[in-house]
Amino acid sequence: MRRGFLATSKAKERIDKAVSDSNTPVLPKFTELSHGVVPEAGVPKDYKPDFDHEYNEFSADTLNYPKKVAVYTSIPARGCNDKPSDIPGGWAECFIPGELKRELYSTPGFPRVPLAPTGGKAYCIKELEEPGRNDLGLFATRLIHAGDLVVDERPMLVVSGGSNVPLPESIASYMAEQLRQVTTLEQLKQVIFHGWGTLVKTAFDRMADEYKEEFMALANSHEHDGSDEIVGRIRTNGIQALDGAGSAVCKDISRVNHSCGPNTSFSWHTESFSVQLIAVRDIPPNTEITISYCNKLAPASERATTLAPYEISSCICTDTGLSCFDPARSKIGDARRAKFAQDIIALTPPFEKPPPGTPKDAWVQPALRRFRELEEEGLEGTEYYQKTAHQLMNVYTFLQDMEKTLFYAGKLKGVYKFYEKKELDMMYFNEEEIRESPMWTMGNLHKMGAPVFVSFAPLE
Ligand SMILES: [Zn+2]
């Protein structure tokens, strides 16, 4: 089937490989697969892998793949003898659906070179100083400001599927073929590991030697569940990529440790085929740089479930010194998270003159408390923080308090950059422009005792 398709001699320099199959069953998500110590790890004793699928070689320039074909490809395309340093930003070895490859290359400017952080590299990789944690981490080597790009990194390996990601059809169908040989759910999971391992091994084999070394030096928290050493490392170190359809294993970003209240947020960028880390609060020198491996707004028990496959059984993510899963600690954290999602704080300045001695921002207290709680939970990288900072910036402009207006604009800066993918407008930091803003003018009327109908709801 399709043998020889586009494998012309002039394409010899840059070759992709594709694997195809035709069934389409539904398989469990990777998150539902085993972790920890699985006594019956490995495929069943008399299991015979059914390698019925076909491999074909294609020119690396090929984009027009038939349906249900998965392709091994380097992005950007590279010559057989290229070293990572020959290509700006390096390349990623990929195992992805052929149709996705076509989509990627239709992205304007794809694949542009990843961005260099302003001021150069701002971190080093070193051993953690905490007792009992024999691991590496990323540490700031200078002050990193909220909103700064920490790193924009093209991964070493990008594969469809992975932690929290369903397997693509072409791979799932291959694995389903094997299912006739199993009788228990655990056996099915073991066969999926085996098939997945067989398929990603080809991508691994295509990697440059220096990338292979870096990849194998990464942690593996899946040594006893039947995942092989490549699948185990993808499950341990993979970051969500391809807009949620795949996992990316990076040389540096995959070494960033977890926090439920992380100081950076990561995002996938198709046009550069890279993962970006943006600081969501100021990171002082020598502070560990962290990301969240789970939904940081989820209750503690749900976070614990997501983190278990990473062998994270307790994390101390706030200044309280208590584990995030400590019952007393998680009770407070869970209640706060539920409130952040449900209670939207709308503020209205009082119509009547408050009794003497009342602070002029007494009516702002609920939003100030919300803001403090978000910071105590380390949730600066959330839309709730963005909305509350924005709300408070507006309120203090209305109250004509320049110092606090600038303070909340500064707090908004980092998370704004992450979500809006651009800098917060400089007018929010310009005293003259703030004084000329409609909100400030409205504050004048309020100050003079005129009734002002204004409500400060967090922006949608
Ligand atoms: Zn935690």
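**Exercise 1. Decide whether N286 is buried or exposed, and say what is unusual about its backbone.**

Solution. This is a predicted model.
- Step 1: Count neighbours. N286 has 12 other C-beta atoms within 10 Å.
- Step 2: Apply the cut-off. A residue with 12 or fewer is exposed, so N286 is exposed.
- Step 3: Check phi. The phi of N286 is near 70°, a positive value in a residue other than glycine.
- Step 4: Set this against the general rule. Most residues other than glycine have a negative phi.
- Step 5: Place the residue. N286 sits in the loop between strand 13 and strand 14 (288-291).

**Exercise 2. Work out whether F273 is buried or exposed, and locate it.**

Solution.
- Step 1: Find the loop. F273 lies between strand 12 (264-269) and strand 13 (274-279).
- Step 2: Read phi. F273 is not a glycine, yet its phi is positive, about 50°.
- Step 3: Count neighbours. F273 has 25 C-beta neighbours inside 10 Å.
- Step 4: Apply the cut-off. Burial needs 20 or more, so F273 counts as buried.

**Exercise 3. Classify F351 as buried or exposed, then give its separation from H446.**

Solution.
- Step 1: Locate F351. It is in the loop between helix 7 (327-342) and helix 8.
- Step 2: Count. F351 has 9 other C-beta atoms within 10 Å, so it is exposed.
- Step 3: Compare sequence and space. F351 and H446 are 95 residues apart along the chain. Their C-alpha atoms are separated by 8.8 Å.

**Exercise 4. Find where the cis peptide bonds at P76 and P111 lie.**

Solution.
- Step 1: Take P76. A cis bond joins I75 to P76, with omega about -5°.
- Step 2: Place P76. It is in the loop between strand 3 (69-75) and strand 4 (92-97).
- Step 3: Take P111. The bond from F110 to P111 is cis, with omega near -15°.
- Step 4: Place P111. It is in the loop between helix 1 (98-105) and strand 5 (123-127).

**Exercise 5. Describe the largest nonpolar core and the contacts of F95.**

Solution.
- Step 1: Size the core. The largest nonpolar core has 87 residues.
- Step 2: Name the best-connected members. F95, V150, L157, V158 and V200 touch the most other members.
- Step 3: Find the main contributor. Helix 3 (residues 185-205) supplies the largest share, nine residues.
- Step 4: Check the domains. Domain 1 (9-114 + 166-207) and domain 3 (362-447) each give this core at least three residues.
- Step 5: Follow F95. Leaving out residues up to four places away in sequence, F95 touches A70, Y72, V159, S160, L199, V200 and A203.
- Step 6: Look for another core. One of eight residues lies apart, and its members include C260, A300, A304 and L307.

**Exercise 6. Characterise the packing of helix 8 against helix 9.**

Solution.
- Step 1: Give the geometry. Helix 8 (residues 365-376) and helix 9 (residues 383-398) pack at about 140°, with axes 10 Å apart.
- Step 2: Give the hand. The crossing of helix 8 and helix 9 is left-handed.
- Step 3: List the contact. Helix 8 uses A367, R370, F371 and L374. Helix 9 uses Y384, Y385, T388, A389, Q391 and L392.
- Step 4: Sort these residues. Seven are nonpolar, two polar and one charged.

Methods: Residues are numbered from 1 along each chain as its sequence is written. This is a predicted model: local features need pLDDT of at least 70, side-chain atom pairs count only at pLDDT 80 or more; totals for chains, interfaces and linings use all residues. A nonpolar core is a set of buried Ala, Val, Leu, Ile, Met, Phe, Trp, Tyr and Cys residues joined through C-beta atoms within 7 Å. Helices (H or I, at least four residues) and strands (E, at least two) are DSSP runs, numbered from the N terminus. Domain bounds come from an automatic or database domain assignment. Two residues are in contact if their C-beta atoms, placed from the backbone, lie within 7 Å. Axes are lines fitted to C-alpha atoms, for helices over the stretch in contact, and angles run from 0 to 180 degrees between N-to-C directions. A crossing is left-handed if the near helix is turned anticlockwise from the far one by less than a right angle, and right-handed if clockwise. Ala, Val, Leu, Ile, Met, Phe, Trp, Tyr, Cys and Pro count as nonpolar, Asp, Glu, Lys and Arg as charged, and the others, Gly among them, as polar.
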